[in-house]
Amino acid sequence: MIDSPRICIQVQSIYVESQSIPEENRYVFAYTVTLRNLGRFNVQLLGRYWLITNSNGRKTEVQGIGVIGEQPLLQPGSEFQYTSGTILETPLGTMEGHYEMVDHQSQSFRCAIPVFRLAIPTLIH
């Protein structure tokens, strides 16, 4: 029996007020992603896919190779953390997606990134 890859993904987002211009419908958000390899073998992140939705229902898809210019190799028990950002036209939105990954036997698999909220602090009650 082959041990399937077990990857834990956690995301935290913050509103970047200093780079935002609400009068121009520019809301900047940063998010920090932590990936942990809970499996018994190495896995490597090769690419990413994001679905970004603003509060008007406008959807934007983003995909590319790696994250922040890297294709990290995660050994068993290790983690990789990075921070990136996005700009919305509304003060509220969501992001979700998946990572394209490969296991130690060169088998590709997808790892889902759970939906998370992007919101200016005054909107959260």
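Which residues does Tyr82 touch, not counting residues up to four places away in sequence? In this predicted model, Tyr82 touches Tyr31, Thr32, Val33, Leu35, Trp50, Val67, Ile68 and Tyr99 once those neighbours in sequence are set aside. Several of these names will return below, and it helps to begin with the overall plan of the chain before coming back to them.

The protein has 8 strands and 0 helices, so that, read from the N terminus on, its elements run β-β-β-β-β-β-β-β. Its C-alpha atoms fill a box of roughly 55 × 25 × 25 Å when the box is taken along the principal axes. Of the 125 residues in the protein, 38% count as buried, and the surface that the protein exposes comes to about 7,600 Å², with carbon and sulfur atoms supplying 48% of it. If we consider the contacts between residues with a separation of 6 or more, 65% of them are accounted for by residues 24 or more positions apart. The protein carries 9 positive and 11 negative charges, and the mean positions of these two groups are 5 Å apart.

We can now turn to the interior. The largest nonpolar core holds 26 residues, and the ones that touch the most other members are Ile7, Ile9, Leu35, Trp50, Tyr82, Tyr99 and Met101. At least two residues of this core are supplied by each of strand 1 (7-15), strand 2, strand 3, strand 6, strand 7 and strand 8. Tyr82, with which we began, is therefore one of the core members that touch the most others, and among the residues in contact with Tyr82 are Leu35, Trp50 and Tyr99, which also appear in that group.

Val28 offers a second view of a residue with little exposure, for it lies in strand 2 (residues 27-37) and counts as buried because its relative accessibility is 7%, which is under the 20% limit. Leaving aside its neighbours within four places in sequence, Val28 is in contact with Ile14, Tyr15, Val16, Gln19, Ser20, Thr86 and Ile87. One of these partners, Ile14, is 14 residues away from Val28 along the chain, and the C-alpha atoms of the two are separated by 8.8 Å.

How many salt bridges does the structure hold? There are 3 salt bridges in the structure, and the idea behind them is a simple one: side chains of opposite charge can pair when their charged atoms come close. In one of them, the side chains of Arg36 and Glu79 meet with a distance of 2.9 Å from N to O. Because Arg36 lies in strand 2 and Glu79 in strand 6 (residues 79-88), this pair ties together parts that are 43 residues apart in sequence. Both partners are partly exposed, Arg36 at 27% relative accessibility and Glu79 with a relative accessible area of 45%.

Another salt bridge joins Arg58 to Glu89, with the closest N and O atoms 3.4 Å apart. Here the partners sit in loops, Arg58 between strand 3 (43-54) and strand 4, and Glu89 between strand 6 and strand 7, so the pair ties together parts that are 31 residues apart in sequence. Arg58, at 47% relative accessibility, counts as partly exposed, and Glu89 is partly exposed as well, with a relative accessible area of 41%.

There is also a salt bridge in which the side chains of Glu100 and Arg110 meet at 2.8 Å, N to O. Glu100 belongs to strand 7 and Arg110 to strand 8, and the two are 10 residues apart. Glu100 counts as partly exposed at 26% relative accessibility, whereas Arg110, at 58%, counts as exposed.

Finally, the backbone deserves a look. Most residues other than glycine have a negative phi. Against that background, Ile68 has a positive phi, near 45 degrees, and its place is in the loop between strand 4 (59-65) and strand 5 (73-74). Ile68 is partly exposed, with a relative accessible area of 46%, and it is also one of the residues that Tyr82 touches. Ser106, which is not a glycine either, has a positive phi of about 65 degrees and is found in the loop between strand 7 (92-103) and strand 8 (108-119). With a relative accessibility of 59%, Ser106 counts as exposed.

Notes:
Residues are numbered from 1 along each chain as its sequence is written. This is a predicted model: local features need pLDDT of at least 70, side-chain atom pairs count only at pLDDT 80 or more; totals for chains, interfaces and linings use all residues. Side-chain values use heavy atoms; hydrogens and water are left out. Helices (H or I, at least four residues) and strands (E, at least two) are DSSP runs, numbered from the N terminus. Buried means under 20% relative accessible area, exposed over 50%, partly exposed in between (1.4 Å probe, protein chains only). Contact means heavy atoms within 4.5 Å. Accessible areas come from the Shrake-Rupley method with a 1.4 Å probe; for residues, only the protein chains shown count as cover. Lys and Arg count as positive and Asp and Glu as negative; His and the chain ends are not counted. The place of a charge is taken as NZ of Lys, CZ of Arg, CG of Asp or CD of Glu. A salt bridge is a side-chain nitrogen of Lys or Arg within 4 Å of a carboxyl oxygen of Asp or Glu. A nonpolar core is a set of buried Ala, Val, Leu, Ile, Met, Phe, Trp, Tyr and Cys residues joined through side-chain atoms within 4.5 Å.
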